[in-house]
Amino acid sequence: MDNALKTKSLTLGYRERIVINDLSLELPEGKVTAILGPNGCGKSTLLRALARLMTPLSGTITLGSDDIFAIDTRALARRLAILPQAPRAPEGITISDLVRRGRSPWRGLLAPWSAADAEACARALNDVGLADMADRPLDELSGGQRQRAWIALILAQDTSYLLLDEPTTWLDLTHQLEVLSLLRDRNQHHGATVITVLHDLNLAARFSDHLVLLGSDGLVAVGPPEQVLTADNLHKAFGLSALVMADPVTGAPMVVPR
Amino acid sequence: MTRSIILAAVLLFAILLSLMIGQVMLSPATLWAGLSTGQGPAALTIRVLRGPGIATAVGAGAVLGLSGTIFQILLRNPLAAPDVMGFTSGAGLAVIFGVMAGLALPTPVLAALGGSAAAIVVAVLSLRRDGSQTTITLILVGLGVGFFTAAAGSFILTRLPPQEAAEAQRWLSGSLAARNWGHVAQVFGVGAVLTLVLVIQSRSLALLELGDDLAKGLGLRADRAKWGLSATGVLLAATGVAVAGPVPFVALMAGPLGARVTRARHPAARLAAAAVTGATITVLADLAARASIPGLQLPVGVMTGIFGAPYLLWLLAREIETGDL
Amino acid sequence: MRAATGLALVFGVAVFLTLAVGVRTASLAEIWNALVAFDPANATHVTIQSIRLPRLVAGLIAGASLGVAGTVMQALTRNPLADPGLLGVNSGASFAIVLGALIFGRSDAGLMSALAFPGAALASIAVFALGGGLRGETGHVRLALAGTALNALLLSLVSAIVMARSETLEVFRFWVAGSLSQASQRPLSAMALVTIVGIGLSLALAPRIEALSLGSALARGLGTRPARIQLGALAAVTLMTGAAVSVAGPIAFLGLMVPPLARRICGHALRLELIASAMLGASILLLADTAGRLVLAPAEVRVGIMTALIGTPVFIWIARRLKPGAAS
């Protein structure tokens, strides 16, 4: 069944400023896609629109054959999950309490906590490797662990789409690799479609199947990393003069600024 | 769990203490006789003199505590309470105004109208041009509305004949004098209905705690939920004001103190703790107000003011330390 | 220059209206005669001399004091919501007066003034300190909340005392009128002197306060001594607000409304702003008082209520325009 996320002639903006203009894009199902670009080019705005957190000025966004705005809020939450930038947790909340809230779209108003819910949470905690720390408060964890807990939350949501806005920006390199590997695993073993906004071009190239490169004037390139990360495109998008070579470890394109 | 039981026990103890202490002191034995048999010297005290006032204190304290906690969770700030933001004083003003203008509306309705009007004014005036609202602006605008209602209240007091003015003045500081079982029925009845609504809404609160975006991503109609919770919060505050006047600081203190004692995390647990704590604070404040100066019944609001203000100052100092303000 | 002329005009009108308006309206000529060629048989002359003139003087003292005090406070704390009335001045005075009545059992005007003064001073210092002032961290919400909290505390205590001892209630009601109507019974000449000293001190300190506004670290680098200047400014503020409360009772919001207007008239030279604030404060207060006498004539809406009703929208307007994240 076609469950692809597509935009058509999408225009997004705020009061005085158009941020994305007339963008038509298809985000490939079952792949890991990274949205890249300089500050202010609209990466987060685009992601938020895809998650229906913003109303477009014009154009449409469809998930499969449905207009995203026509889907019931909870039904959408069962198909698509979003982890916003720098989420703030209530004071003292434990990991398991946090992850439990991810089951919300599946639970009716008065529905009791079911076995299926418990299972989903256990699986999510296992997948992120925090199963033995479930009762610890979130604020006691390291940055990487905390981010993994937030990811467990959206994993418990059991959706086929995972959208993450800058999930690695405040983490050190080890933790960045941790988080991105986790997402990649989710894609490979569960077939989840992962769409992230990332700052780091090289990490994006290493962990993604598909890149969307935005520049200040709009879309610069779309496609597999080798196709998108070219010296030419980088110059167009970032004004950057760089060399692109093959990463000696993974073979993915690696950007080295001049 | 044990901590919650302790909290409930403290409330019970406070109620019993309050029943025993007053112009006429009752011994525990007499009190027990009065409660169990409905006869004896204590019976009158319980049934008419102290019982209704104490029961009203429990009810008003509970709904005020709930109201404060709702806003504190929604706005993610321990300073965001209906008494700081002018809602309770708006409710109080509406009641006084209604009395002066001779409006034939029942007190709870006046309080609800006043509280809602104040809340709407604060919400609207805090909107920035881009449609966002910051908590700081809400608090400041709320303080402004509070000043305004105080001035308007002063003005109304000058227009009332001296006897009524004195009574109105008492009521405006929060008073449990001359309560009857009708008041009790009112606060518990309306309070129960609103609490039921709140129980249904508490899950939304748990999601909103994670931030609007994530809440929406998890399937919540966030804006609708926020309006609904705010409405419940305002109406709960109005219910308290309708029977006890705009008692200050209970809504502010109940939530944080209750959470601290019971170590509650989830919004539902925090709300329950706040209700019990609010009731306890109000009962004890009422006891202090009745019994501290022999022969004189102070309004309960004076006591909550004397204890609540230092609490606010302490909270302020702490927020300055942690840089949260 | 045009703005300054406008201000002088407004000031003149305010003074005139205070003397002219009332049950017996007076013309400019009559006022002149009442002052210069007083005729005890003329009812209008008597009204002007015995009722309106004291009112005018009280209004000048209170208005100028509060205007200047507000400007100094805002310059010192860089907080546009700093207003002496909101900073506990009034509740401090009330508390001191009621406490005095309780302890001394007397209620003569002299004692009341003597008490209002330190009460106001201590309360405003307390609020300043509690709001983070000693560490130079008076964020907007902090000061406002500290003021609210202290007000609540002091007024609760006042209520308690007043209800416990009804003789104190009489004293309280008399003093806490927030009105210029009892002006003739207040120590006008003494307070006028105090006000002049306060304003003089503020003018003297003005350039150093301006240096402070660069931030205390930078200022120290320029050779100024922040702590001393703060103390001096606070002393001036307490003198002035104490005087204002003594003659007119609780009046809030003048210190809030005046500084932004003064700045608009005079630009950013603090000395000029202070002079403008004095005139502006006096004008606004006198005009508010006159309006209060007219609005519900023959009854009077006390000027304290008028300034609150006008001042609150101003407070809210300023609060809305504060930039997010700008704590001080």
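**A predicted three-chain model: folds, sheets and interfaces**

Arg208(C) sits in helix α8 of chain C, which spans residues 188–212. In this predicted model, Arg208(C) counts as partly exposed, because 18 other C-beta atoms lie within 10 Å, whereas a buried residue would need 20 or more. A contrast between sequence and space can be seen from the same residue: Arg208(C) and Ala233(C) are 25 residues apart along the chain, and their C-alpha atoms are separated by 9.8 Å.

Before going further, a word on confidence is useful. The model scores ipTM 0.88 and pTM 0.85. For chain C, the average pLDDT is 81, and 88% of the residues score at least 70. Within chain C, the elements range from helix α9 (residues 216–221), with the lowest mean pLDDT of 62, to helix α12 (residues 270–295), with the highest, 91. Where pLDDT is low, the predicted coordinates should not be read in detail. That caution applies to helix α9 of chain C, given its mean pLDDT of 62.

Turning to chain A, the secondary structure comprises nine helices and twelve strands. The C-alpha atoms of chain A occupy a box of roughly 55 × 40 × 35 Å along the principal axes. Is that chain compact or extended by its radius of gyration? A compact globule of 258 residues would have a radius of gyration near 18 Å, and chain A has 18 Å, so the two agree. Of the 258 residues of chain A, 43% count as buried. Among contacts in chain A with a separation of 6 or more, 65% join residues 24 or more positions apart.

Two open sheets of chain A can be described in turn. One has four strands in the order β2-β1-β4-β5, and the pairing is antiparallel. Strands β2 (18–27) and β5 (66–67) of chain A stand at the edges with a single partner strand each, so one side of each has no neighbour in the sheet. Inside this arrangement, strand β1 (residues 5–13) of chain A pairs with strand β4 (residues 58–63) of chain A in the antiparallel sense, over five bridges. As a point of reference for the viewer, Thr11(A) stands opposite Ser58(A) in β4(A). Helix α1 (residues 43–50) of chain A lies across β1, β2 and β4 of chain A, and runs at about 125 degrees to β1(A).

The other sheet has six strands, in the order β6-β7-β8-β3-β9-β10 of chain A, and is open with mixed pairing. The edge strands are β6 (80–83) and β10 (218–223) of chain A, each of which pairs on one side only. Neighbouring strands of this sheet are turned against each other by 15 degrees on average, direction ignored. At one end of the strand order, β6(A) and strand β7 (residues 161–165) of chain A pair in the parallel sense over four bridges. Here Ile82(A) stands opposite Leu163(A) in β7(A). Helix α1(A) packs on this sheet too, touching β3 (32–36), β7, β8 (193–197) and β9 (210–215) of chain A. The direction of α1(A) makes about 145 degrees with that of β8(A). Helix α1(A) thus touches strands of this sheet and also lies across β1, β2 and β4 of the four-stranded one.

How do the chains meet, and which pair shares the most contacts? There are two pairs of chains in contact, and chains B and C share the most contacts. Chains A and C do not touch, with their nearest C-alpha atoms 18 Å apart.

Between chains B and C, 31 residues of chain B are in contact with 31 residues of chain C. On the chain B side, α6 (135–159) and α13 (300–322) each supply at least two residues. Helix α6(B) gives the most to that side, with twelve residues. By class, the side of chain B that touches chain C has 24 nonpolar and seven polar residues, with no charged ones.

The contact between chains A and B takes 21 residues from chain A and 16 residues from chain B. On the chain A side, the elements giving two or more residues are α2 (73–77) and β6 of chain A. The largest share, three residues, comes from α2(A). This side of chain A divides into eleven nonpolar, five polar and five charged residues. Strand β6(A) therefore has a place in both descriptions: an edge strand of the six-stranded sheet and a contributor to the side of chain A that touches chain B.

Technical notes: Residues numbered from 1 in each chain as written. Chains lettered and ligands numbered in written order. Predicted model: local features only at pLDDT ≥ 70, side-chain atom pairs only at ≥ 80, totals over all residues. Pairing = 2+ DSSP bridges. Contact = placed C-beta atoms within 7 Å. Axes fitted to C-alpha atoms, helices over the stretch in contact; angles between N-to-C directions. Rg over C-alpha atoms; globule rule 2.2 N^0.38 Å. Buried ≥ 20, exposed ≤ 12 C-beta atoms within 10 Å, placed from the backbone. Nonpolar A, V, L, I, M, F, W, Y, C, P; charged D, E, K, R; others polar. pLDDT = per-residue confidence, 0-100.
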